Amino acid sequence: MALQLGDIAPDFTAPTADGEINFHEWLGESWGILFSHPADFTPVCTTELGKVAQLSAEFAARNTRVAAVSVDSSEDHRQWSQDIAETQGHEVDFPMIADPDRRVSSLYGMIHPNASDTATVRSVFVIGPDKRIKLTLTYPASTGRNFREILRVIDSLQLTAEHQVATPADWEDGDNVIITPAVSDAEAARRFPGYKTIKPYLRVTNQPGRA
Ligand code: BEZ
């Protein structure tokens, strides 16, 4: 069965462009992102890995470690990373996991045989410090992902892990948030003074920790 939200992210040891990693050990106490791409030396993937490298400081600011995986070899990853730096202007500074035997791809269900039985699709797994899966995404090979959206989701996940709030459609860090239905009105008044009731089930407040 496919991995689902709340499942423990499978652990593995695998080669990367820069040596072997044990996934859970490498994650430590951090949040994590494991994302697959169809193949090295392909155009959309080149822009994606360049974008993730460009956003490196944004992921670090969110205590989030990022790793990429495809069915290519460590040697291919090493050579291709030079092309990424040359064409995208950013050095890949995160592990590129080599998975030629498809062990990691199989553990995470990243090969969808009716799309391609030889390459991983564009999967994303966001993993919490408890090693549980917090988000899954699957994109087709022809569509590059929006990694700012993934940062936005991490902002929401980290906020909602700490406070009894949820984030509305198109929410961005700093926008108002929704008080979850589990919080009584009395508790809401105590925790979120000045909150607004639009409907009994729709109560909004400033983002906790923001003015
Ligand atoms: C790409 O990354 O450009 C790509 C990879 C596989 C199929 C189509 C596009």
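This passage describes the overall build of one protein chain and then a handful of its residues. The model is predicted, and every value below is computed from it.

At the level of the whole chain, the fold combines seven helices with eleven strands. Along the principal axes, the C-alpha atoms occupy a box of roughly 60 × 40 × 30 Å. The chain has 211 residues, of which 45% count as buried. Its accessible surface amounts to about 10,700 Å², and carbon and sulfur atoms contribute 49% of that area. Among contacts with a sequence separation of 6 or more, 65% link residues that are 24 or more positions apart. As for charge, there are 19 positive and 29 negative side chains, and 10 Å separates the centres of the two sets.

The chain is divided into domain 1, spanning 13–145, and domain 2, spanning 163–205. Between the C-alpha centres of domain 1 and domain 2 the distance is 35 Å. Helix α6 covers residues 147–162.

A good place to begin the local tour is Ser36, which sits in strand β3, a strand made of residues 31–36. Ser36 counts as buried because its relative accessibility is 0%, well inside the cut-off of under 20%. Its side chain makes a polar contact with the backbone oxygen of Val121 at 2.7 Å. Residues up to four places away in sequence aside, Ser36 touches Val69, Met110, Thr120, Val121, Arg122, Ser123 and Arg145. The last of these partners, Arg145, leads directly to the next site.

Arg145 is found in the loop that runs between β7 (133–139) and α6 (147–162). Although its side chain is a charged one by the convention used here, Arg145 has a relative accessibility of 7% and therefore counts as buried. Two polar contacts of this side chain can be described. One goes to the backbone oxygen of Ser36, at 2.9 Å; another, of 2.6 Å, joins Arg145 to the side chain of Glu48. Ser36 thus appears in two polar pairings, with its side chain directed to the backbone oxygen of Val121 and its own backbone oxygen reached by Arg145. With neighbours within four places in sequence left aside, the contacts of Arg145 are Phe35, Ser36, His37, Glu48, Arg122, Ser123, Val124 and Tyr139. Arg122 and Ser123 are on the contact lists of both Ser36 and Arg145.

Helix α2, comprising residues 43–54, holds Thr47. Thr47 has a relative accessible area of 41%, so it is classed as partly exposed. From Thr47 to Gly144 the sequence separation is 97 residues, yet their C-alpha atoms are 7.9 Å apart in space.

Attention now turns to the loop between β5 (96–98) and α5 (103–107), where Pro100 is located. Pro100 is exposed, because its relative accessible area is 54% and the exposed class begins over 50%. Its C-alpha lies 5.9 Å from that of Ser73, a residue 27 positions away in sequence. Not counting residues up to four places away, Pro100 touches Val71 and Asp72.

The loop between β5 and α5 also contains Arg102. Arg102 is partly exposed, with a relative accessible area of 30%. A polar atom of the Arg102 side chain lies 2.9 Å from the backbone oxygen of Asp117. Neighbours within four places in sequence aside, Arg102 is in contact with Val71, Ile111, Asp117 and Thr118. Val71 therefore serves as a partner both for Pro100 and, under the contact limit of 4.5 Å, for Arg102. Leu157, by contrast, is 55 residues from Arg102 in sequence and 29 Å from it in space, C-alpha to C-alpha.

Backbone geometry adds a further detail. Most residues other than glycine have a negative phi. Arg102, however, has a positive phi of about 65° although it is not a glycine. Asn63, which is not a glycine either, has a positive phi of about 50°. The setting of Asn63 is the loop between α3 (56–61) and β4 (64–70). With a relative accessible area of 42%, Asn63 is partly exposed.

Note on methods: Residues are numbered from 1 along each chain as its sequence is written. This is a predicted model: local features need pLDDT of at least 70, side-chain atom pairs count only at pLDDT 80 or more; totals for chains, interfaces and linings use all residues. Side-chain values use heavy atoms; hydrogens and water are left out. Helices (H or I, at least four residues) and strands (E, at least two) are DSSP runs, numbered from the N terminus. Buried means under 20% relative accessible area, exposed over 50%, partly exposed in between (1.4 Å probe, protein chains only). Accessible areas come from the Shrake-Rupley method with a 1.4 Å probe; for residues, only the protein chains shown count as cover. The place of a charge is taken as NZ of Lys, CZ of Arg, CG of Asp or CD of Glu. Domain bounds come from an automatic or database domain assignment. A polar contact is a pair of N or O atoms within 3.5 Å; within protein, one must be able to donate a hydrogen and the other to accept it, and residues adjacent in sequence count only if both atoms are side-chain atoms.
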